[in-house]
Amino acid sequence: VFLVNAVDMVSFEVGSHLVKFPVTIRQPALPKLFDPGPDNNIRDLVTITTKTFLRYHKLRALIKSIRQFYPDIKVIVADDNEHPEKIDEPNVEHYIMPFGKGWFAGRNLAVSQVTTKYYLWVDDDFLFTEDTKIEKLVEVLEKTNLDVVGGLLAGNDFKYKIFYEEGEDGNCLHIRSGSYHPLEGFPNCVITAGVANFFLARTEESRRVAFDPKLQRVAHIEYFMDGLGNLLVGSCSDIGVGHQSKDPVTDSELAAVEKAYEEFRTNTEEQIRFKLSLHYFKNRMKCYTRVD
């Protein structure tokens, strides 16, 4: 009988000594290679992914900024609007979801359609700038064993350490701002456990963790909580993305859209309790702390 990951105990005697050690029986996994293209162009290595809801004016501004620096890179948009608008742009794949399906469900859909080695996650209200150097992020993942690397968001360096303590009657998780230590060979980068919504990830490794679709509204660090022990994460301070203005808009129609969006996005007490109860059950937790 062939059992994957079965363990046999091997023992032998040498004089008066008995030696025992486990042998794990495993089926080798097939390699999965990605074609970098004939000229190793960034468009053949990276797909940009995002999730949008209501704010098409923000999404179009994002795409316009991407085209300033990466005119032919593919962009994948997951969209759970009730009344979708057509995004008629070259090299943009627009996937329509059931209304209000949610934030992490949209991330899963977008990432599921990536065919390149890496994907870059951005929110629909970001803006590419001179500092949005995807090539630098690719270099970090190509030359290290990291699975995810993030950068600055509107000049802010969001990164998190995650500490996990196992216990007999439950486990504890503690999240703190900061990093563990520098990343060798990259003086502007560090090893951490979680980064902001701007990051480059290895497609296959990221899919193995996935985004919990039960988290519909405000969620992000939860992905890195689920990836703890499986994803190696870094952050670099010399690469960044901009953020669109949060100032109130003067156009009445856009103001109504922004108001509706905020009502959906508000992180209510009910949402906070739901997320905590989900992780307390799913991750067998008895305590959780976070200090930003």
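Which residues have the most contacts inside the largest nonpolar core? They are Val46, Ile48, Leu120, Phe128, Ile134 and Leu200, within a core of 38 residues. The model is a predicted one, and its protein chain holds eight helices and 16 strands. Of the 292 residues in the chain, 43% are buried.

**Overall dimensions and contacts**

- Taken along the principal axes, the C-alpha atoms of the protein chain fill a box of roughly 90 × 50 × 40 Å.
- Among contacts between residues at least 6 apart in sequence, 70% join residues at least 24 apart.
- One pair illustrates the spatial extent of the chain: the C-alpha atoms of Val233 and Ser11 are separated by 40 Å, with their positions 222 residues apart along the chain.

**Nonpolar cores**

- In soluble globular proteins, nonpolar side chains tend to be buried together.
- Leu200, one of the residues with the most contacts inside the largest core, touches Val46, Tyr118, Tyr119, Leu120, Leu137, Val138, Leu141, Asp147, Val148 and Val149, when residues up to four places away in sequence are not counted.
- A second, separate core comprises 32 residues, including Tyr119, Ala201, Leu215 and Val233.
- Val233 belongs to strand β15, which covers residues 233–243.
- Because its relative accessibility is 2%, Val233 counts as buried, the limit being under 20%.
- Beyond its neighbours within four places in sequence, Val233 is in contact with Leu146, Val148, Val190, Ile191, Thr192, Ala193, Gly194, Val195 and Phe224.

**Helix α3**

- Helix α3 spans residues 103–112 and is mostly covered, with seven of its ten residues buried.
- The buried positions in α3 are Trp103, Phe104, Ala105, Gly106, Arg107, Ala110 and Val111.
- These buried residues pack against strands β3, β4 (75–79), β6 (118–121) and β14 (199–202), and against helices α5 (203–209) and α6.

**Strand pairing**

- Strands of a sheet pair through backbone hydrogen bonds, either parallel or antiparallel.
- One open sheet has four strands in the order β13-β9-β10-β16, and its pairing is mixed.
- Its edge strands are β13 (194–195) and β16, each of which pairs on one side only.
- Strand β9 (residues 159–165) runs antiparallel to β13 and is joined to it by two bridges.
- Tyr160 stands opposite Gly194 in β13.
- Elsewhere in the chain, β1 (residues 6–14) and β2 (residues 17–25) pair in the antiparallel sense over nine bridges.
- Met9 has Pro22 in β2 as its bridge partner.
- Two residues lie between the strands in the hairpin of β1 and β2, where Gly15 takes a positive phi near 65°.

**Backbone conformation in loops**

- Most residues other than glycine have a negative phi, and most peptide bonds are trans.
- Asn40, although not a glycine, has a positive phi of about 55°.
- Asn40 is placed in the loop between β2 and α1 (42–45).
- Ala154 likewise is not a glycine and has a positive phi of about 55°.
- Ala154 is found in the loop between β8 (148–153) and β9.
- With a relative accessible area of 45%, Ala154 is partly exposed.

**Largest pocket**

- The largest pocket contains about 1,300 Å³ of space.
- The elements that give two or more residues to its lining are β3 (46–52), α6 (221–227), α7 (252–265), α8 (269–282) and β16 (285–291).
- The lining has 48 residues, and those nearest the pocket centre are Asp123, Asn197, Val218, Tyr261 and Arg265.
- By class, the lining divides into 20 nonpolar, twelve polar and 16 charged residues.
- Val218, one of the residues nearest the centre of the pocket, has its C-alpha atom 8.9 Å from that of Ile272, with the two residues 54 apart along the chain.
- Ile272 lies in helix α8, and at 30% relative accessibility it counts as partly exposed.

Key:
Residues are numbered from 1 along each chain as its sequence is written. This is a predicted model: local features need pLDDT of at least 70, side-chain atom pairs count only at pLDDT 80 or more; totals for chains, interfaces and linings use all residues. Side-chain values use heavy atoms; hydrogens and water are left out. On a 1 Å grid over the protein atoms alone, a cavity is a set of points where a 1.4 Å probe fits but cannot get out, and a pocket is an open set with protein on both sides within 12 Å along at least five of seven lines; lining residues have an atom within 4 Å of a point. Grid points are joined across faces, edges and corners, and a volume is the space filled by probe spheres set on the points. Ala, Val, Leu, Ile, Met, Phe, Trp, Tyr, Cys and Pro count as nonpolar, Asp, Glu, Lys and Arg as charged, and the others, Gly among them, as polar. Two strands pair if DSSP finds at least two bridges between them. A nonpolar core is a set of buried Ala, Val, Leu, Ile, Met, Phe, Trp, Tyr and Cys residues joined through side-chain atoms within 4.5 Å. Buried means under 20% relative accessible area, exposed over 50%, partly exposed in between (1.4 Å probe, protein chains only). Contact means heavy atoms within 4.5 Å.
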